[in-house]
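Student: I should like a close look at one part of this model, followed by a connected account of the elements around it.

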Amino acid sequence: MKAKHLLLSLFVFVALVSNAQLVTDPQQVVADILEEMAANSDTEQDYSELVEDLLQLAESPLNLNAARKSDLQKLFFLTDFQIESLLSYRDSTGKILSVYELQLVPGFDLTDVERLAPFVVAGEVVKPLKVSDFTMGRHDIFTRLKTTLQTPVGYRSDYGGASSYLGSKYAIYTRYRYRANRLQIGVTAENDAGEPLLDGTFPSGFDYLAGYAMVSDVGKVKRLVVGDFRAEFGQGLTFWNSLTFGKSANVMGLHKRGRGIVPHSSAYESLFLRGAGFTLNFKHIDFSLLASYQKIDGNLVDTVSSGELAFSSLPETGYHRTASEIASRRNIPELVTGSNITLTLNKIRLGTTAVYSRIYGENLNNQPIYSLTPASTEKLAMGINADYYYRQHLFFGEIAIDIFSQKMAALAGGQLKLSNRVHLSVLGRSYSTTFNPRYTAALAEGSGATNEKGLLMGLSLLAAKGWKISGYIDLYQFPWMRYGVYSPSAGRDFLFLSEHSLNTYFQLSFRYRYKQDEKNMTGANIPVTSTLTQTRQGFRTQLTYQPNPLVNLRSTLEISNYRTDSLSGGEYGYLLAQDININLQKTPLSIRLRFAIFDTESWNTRLYSYESDLLYSFTVPAYYSNGTRIMAMLKYSPSKGVDLWLRYAQTYFPGSATIGSGPDLIMGNTRSEVKCMVRVKF
């Protein structure tokens, strides 16, 4: 024990010395974590719920001596190996005396501990239930406004047609949160640009109004949510309607860590549940039950069958700007109910899920050529999932069946720690052609967990001190036709990433991605089932330089290439971007700047690149055509409980007379966007 205290004292001393140059603002720490995650993604996703979880932990840190595995899984940047290693260390050595003691845990280094520090504490285990757990909370209110400086033609009074926008070009988002140890309450109101506001069109005045109340860890009640919520079970094959991550350079992130029933706190207006859900804990068993009934968007048609409504499609954009979009707003009833039982033992976790969903209407949409059966409005999915830890390896999988169609889907994978430097990840999947529950989010190349077979293998290698190499190869095939490909097809996806910390000030990364698949051929006298092979390649190099704790510089060069069987020469595109991040210490002000130039021959060679944005906002714009883009963002905190943001972004297309199309058409070659936000905490 004395040796442990001696080592701990040394670690704390080193940490205190190095901490002089660390960013201590929790919001900035969260922003850095999310930026690192989003920078390796080519899609714009809503990470707001993850941000909320981390900011809540920053205000009420996890107790390392009392945290359960499910609590530690909220720290999504930790790997499954690190979580298991931490729990094993705590079980074997007893109470953790300091956060910096985690450097003694296998799989953790000082960098990991520094990232964890804002979100965890080493406290006492016993925390009896108190009234203050419900009443002594924090309030958080913020309002965000954004608009384009140019006015698209759809907002003009002289723009005719049913596609004209009925609201203003200003988008507003307001949110209130109350957080105590065991009680959370949230209300969200949002209007997208073009949607009417407070004019009687919508009953609440806002197009989107959502809210929830959640009680947690009260007796046997692990979690109870009333209002709007989501649910995450297993590997996402049977039921999962929350944010999920697809393929990325983080090959050890293929294993999903479902949180069960959680509040819906984002502004995403589709595929959430409205009703109630709860999880009861009986030592090693969690029992969850959920029920939701609400009206969802649907394009109604005149036909009425068997006394039910009839619809042609179910839009999920959340936009209600035009007369036709408003007419489709929340007019089709939907019922969702289900349950999950999860058994958690020392090294194994078993779960079973059953979910019934029904849309009260008849789908009269024309059946696509690639569809084997009409789209069903009533579905019953059942599944079994398992996680098994063997030494330092993790094996996982899930099998699901659509009871009514009797079609099945399965996936199985493993994360193998071959050594302290080499990690291997494998995931195989087989989804039946007509298996397609409404709420599923398993890893897939196509749209939904249907009509696909594939094998993904990923490798992560610490080649040397400060040098990490990772990547994956994914081989997949579609046994039947699908959208845009009217014959069975196959493809492959390869990614390689090298990250090198040259020294304390320089970090250099290289990323290469190669993707090949098939698409329909078009033209006169060409059979509908004829396809051609298309290939996309992308290369990105990024240099990060931090001359001092106040300034961070990042230079990015990206090149893309697209070619097909009939386009042998191919098309090219490039992006060159410079980011400047400044965090002042004496003045509570941070500055984010970006300048980018780009040139692509077509939409096929478009490039995606992450940009800094306001808290709870995430921007990964598509760069295409020829032009420049600038972005400037300021964050100022005049007091401890008040934060202010202002962001300006402009894209300039010198060779264009107009930007966009339809009601979004802008006359001119410049598109400018302004965002501002105020956040108050008390």
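Student: Are Phe598 and Phe653 buried or exposed?

Tutor: Both Phe598 and Phe653 are buried, where buried means under 20% relative accessible area, exposed over 50%, and partly exposed in between (1.4 Å probe, protein chains only). The model is predicted, so local features need pLDDT of at least 70 and side-chain atom pairs count only at pLDDT 80 or more, while totals for chains, interfaces and linings use all residues. Residues are numbered from 1 along each chain as its sequence is written, and side-chain values use heavy atoms, with hydrogens and water left out.

The structure holds 16 aromatic pairs. Phe598 and Phe653 form one that is edge-to-face, at 6.0 Å centre to centre and 75 degrees between the planes. Rings of Phe, Tyr and Trp (its six-membered ring) pair if their centres lie within 6.5 Å; planes under 30 degrees apart count as stacked, over 60 as edge-to-face and the rest as tilted. This pair links distant parts of the chain, 55 residues apart: Phe598 belongs to strand E27 (residues 589–600), and Phe653 to the loop between E31 and strand E32 (658–659). Helices (H or I, at least four residues) and strands (E, at least two) are DSSP runs, numbered from the N terminus. Phe598 and Phe653 also join Trp603, Tyr623 and Tyr624 in one aromatic cluster.

Strand E31 leads to the largest nonpolar core. In that core of 42 residues, Leu72, Leu75, Leu102, Leu116 and Phe119 touch the most other members. A nonpolar core is a set of buried Ala, Val, Leu, Ile, Met, Phe, Trp, Tyr and Cys residues joined through side-chain atoms within 4.5 Å. Two or more residues each are given to this core by helix H3 (48–59), H5, helix H6 (110–116), strand E30 (626–639) and strand E31 (642–652). H3 provides the largest share, six residues. Another core, of 22 residues, lies apart from it and includes Ala409, Leu443, Ala449 and Leu456.

Of these contributors, H5 is mostly covered, with ten of its 14 residues buried; among them are Phe81, Ile83, Leu86, Leu87 and Tyr89. Helix H5 (residues 80–93) should span 20 Å at 1.5 Å a residue, and its end C-alpha atoms are 20 Å apart, so the two values agree. The expected span is 1.5 Å times one less than the number of residues in the helix. Just after H5, Gly94 takes a positive phi of about 95 degrees.

Elsewhere, antiparallel strands follow one another. Strand E5 (residues 183–191) pairs with strand E6 (residues 208–218) over eight bridges, and E6 pairs with strand E7 (residues 221–232) over six; two strands pair if DSSP finds at least two bridges between them. Met214 in E6 stands opposite Gln184, and its bridge partner in E7 is Val225. The hairpin of E6 and E7 has two residues between the strands, and Gly219 there takes a positive phi near 65 degrees.

Further along, twelve bridges join the antiparallel strands E21 (residues 467–478) and E22 (residues 489–501), with Ile473 partnered by Phe494 in E22. E22 is also antiparallel to strand E23 (residues 506–520), over ten bridges, and Asp493 has Lys515 in E23 as its bridge partner. Four residues lie between E22 and E23 in their hairpin.
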